[in-house]
Amino acid sequence: MVHGCRFVGKGRVRARVIRQGISRSAVLYRYVAGLPTDGYQWAYGAGAGAGLIPTNDGQTCVFVSTTPERMCGLRRYGVEHAFSELLVQAAPTLRDPVVTATPAGPIRGWGGVPGYLRRCWGAGWALVGDAGYFKDPITTHGMTDAMRDAELFSAEEGTPTYVTRFDGVRVPATDYQPVWVTNLADDVTIEGSAMNGVAQGAEAVRSIVTYIRSLYDDQEFNFAAPYGENGFLEDYTAWVRGEQLGNVVLVTRNAAGQAQRVVANYWPRTTLLLVSRLVGEHFGGTPTASTSPPAPSSDPRYKPGGTRGRPRSAVPGSHSATRAR
Ligand SMILES: Cc1cc2nc3c(=O)[nH]c(=O)nc-3n(C[C@H](O)[C@H](O)[C@H](O)COP(=O)(O)OP(=O)(O)OC[C@H]3O[C@@H](n4cnc5c(N)ncnc54)[C@H](O)[C@@H]3O)c2cc1C
């Protein structure tokens, strides 16, 4: 479990950013004593915000915020000047009570960080708080979210992760089986990063998938659930001859709910090449070493196998070019 917005890049977890914002705000804040407040106060002016947050020992946190560019310009005349200018801009009525209160510490500044959302879980790790999802402090939800994340994480720890099978049944990830393999359309196709083209037909697809699964020393499902209107996603980690293999499988259903198109994206390349070679050796010269073009798909994004009219073997590592069926 990792907390904190600056922890991830420098630490051991290299989680991918899946949403990146561009805006950020710069903040100045200080604690003062003797400022009568009966709760939070937030104020907004042209390009500036300010607020009062009552805290311990009769002290109040007073903050002002604006764009980093404006903050830089104002700070050229001193941090006290910037603080007072922004306070007047955002909350003119707060200026006098704040300047007559007793400072309980120096003014502190923060330059801002654009918001982001990282992929925040994986096998054996999770990001909570700012490490997974950072939002501008003007939202004032950062601490709440960090505590909620930590609470959810500790509640989940020790309890099994649940995933949803192709047939809609929810099971613990450790009990998961890819039941879509037993519900293939007759003209189902399979393709992916370990293949040079597309293999077609229920028998061919089942034998490729079954053989690849037989190579796994171990397999751990991170995620499985329906995706979009007709899709189904699996995300798992497996081990082949001691090498780690990641795979995200996208299965698209036909109108009858059967698996119609299977796309598997394996990584890293070294294990992908190992699997590709093993599968190629296994199926080389058999009808499953198919070059058959896929049936026209109703999915407009679909571009058949990239063969550009030149026959290629669909089965990885195989150089034979026989047709299935
Ligand atoms: C100016 C400002 C005002 C804010 N105001 C509010 C507000 O009013 N309300 C609100 O809810 N939220 C507010 N937030 C957001 C809130 O502070 C954060 O969302 C919250 O603190 C996130 O908690 P966290 O535990 O994820 O990370 P952090 O609080 O950042 O904790 C991470 C900790 O990890 C430590 N650390 C970092 N790297 C390492 C390392 N390599 N090894 C060991 N330790 C490490 C850090 O020192 C830090 O102590 C504000 C943020 C800012 C910047």
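1. A short definition to start: two strands count as paired if DSSP finds at least two bridges between them. Please keep in mind that this is a predicted model. With that in place, look at the hairpin made by E3 and E4. Strand E3 (residues 41–45) and strand E4 (residues 48–54) run antiparallel and are joined by 5 bridges. One of the residues to find there is Ala43, whose bridge partner in E4 is Ala50. The hairpin has 2 residues between its strands, and Gly47 takes a positive phi near 65°.

2. Now for the chain as a whole. DSSP runs give 7 helices and 19 strands. The chain has 325 residues, of which 31% count as buried. If you take the contacts between residues at least 6 apart in sequence, 61% of them join residues at least 24 apart.

3. A sheet of 3 strands is worth a look next. Its order is E1-E8-E11, the sheet is open, and the pairing is antiparallel. Strand E1 (17–20) and strand E11 (133–134) are the edge strands, each pairing on one side only. Between E1 and strand E8 (residues 116–118) there are 3 bridges, again in the antiparallel sense. Within this pair, Gln20 has Tyr116 of E8 as its bridge partner.

4. On to the helices, starting with H2 and H3. Two packed helices are described by the angle between their axes and the distance between the axes. For helix H2 (residues 68–75) and helix H3 (residues 79–90), the angle is about 125° and the axes are 8 Å apart. H2 and H3 are therefore oblique to each other, because angles that are neither under 35 degrees, nor over 145, nor 65 to 115 count as oblique. On the H2 side the contact uses Met71, Leu74 and Arg75, which meet Val79, His81, Ala82, Glu85 and Leu86 of H3. Sorted by class, the contact of H2 with H3 holds 5 nonpolar, 1 polar and 2 charged residues.

5. H3 also packs against H4. The axes of H3 and helix H4 (residues 92–100) cross at roughly 140° and come within 5 Å. That crossing makes H3 oblique to H4. The residues involved are Ser84, Leu87 and Val88 from H3, together with Pro92, Leu94, Arg95 and Val98 from H4. By class, the contact of H3 with H4 has 5 nonpolar, 1 polar and 1 charged.

6. Further along the chain is a sheet of 6 strands. This open sheet has the order E15-E14-E19-E18-E17-E16, and its pairing is mixed. Strand E15 (199–200) and E16 stand at the edges with a single partner strand each, so one side of each has no neighbour in the sheet. E16 pairs with E17 over 10 bridges in the antiparallel sense. In that pair, Ala225 stands opposite Leu233 of E17.

7. Which helices pack on this sheet? H6 lies across E14, E15, E16 and E19, and runs at about 50° to E14. H7 packs on the sheet as well, touching E17, E18 and E19, with its direction at about 70° to that of E18.

8. The cores tie several of these elements together. In soluble globular proteins, nonpolar side chains tend to be buried together. Here the largest nonpolar core has 32 residues, and Val205 and Val262 touch the most other members. Strand E14 (184–192), helix H6 (202–214), strand E16 (216–227), strand E17 (231–240), strand E18 (243–253), strand E19 (259–267) and helix H7 (269–283) each supply at least two residues of this core. Setting aside neighbours within four places in sequence, Val205 is in contact with Leu184, Val188, Ile190, Ala199 and Val262. Apart from this core lies another, of 22 residues, including Leu28, Met71, Leu74 and Leu86.

9. Finally, a closer look at one residue, Ala264, which is found in strand E19. Is Ala264 buried or exposed? Ala264 has 20 other C-beta atoms within 10 Å and is therefore buried, the cut-off for a buried residue being 20 or more. Not counting residues up to four places away in sequence, Ala264 touches Gly192, Ala194, Asn247 and Val249. As for Asp235, Ala264 is 29 residues from it in sequence, and the two are 9.8 Å apart in space, C-alpha to C-alpha.

Terms used
Residues are numbered from 1 along each chain as its sequence is written. This is a predicted model: local features need pLDDT of at least 70, side-chain atom pairs count only at pLDDT 80 or more; totals for chains, interfaces and linings use all residues. Helices (H or I, at least four residues) and strands (E, at least two) are DSSP runs, numbered from the N terminus. Axes are lines fitted to C-alpha atoms, for helices over the stretch in contact, and angles run from 0 to 180 degrees between N-to-C directions. Two residues are in contact if their C-beta atoms, placed from the backbone, lie within 7 Å. Ala, Val, Leu, Ile, Met, Phe, Trp, Tyr, Cys and Pro count as nonpolar, Asp, Glu, Lys and Arg as charged, and the others, Gly among them, as polar. A nonpolar core is a set of buried Ala, Val, Leu, Ile, Met, Phe, Trp, Tyr and Cys residues joined through C-beta atoms within 7 Å. A residue is buried if 20 or more other C-beta atoms lie within 10 Å of its own, exposed if 12 or fewer, and partly exposed in between; C-beta atoms are placed from the backbone.
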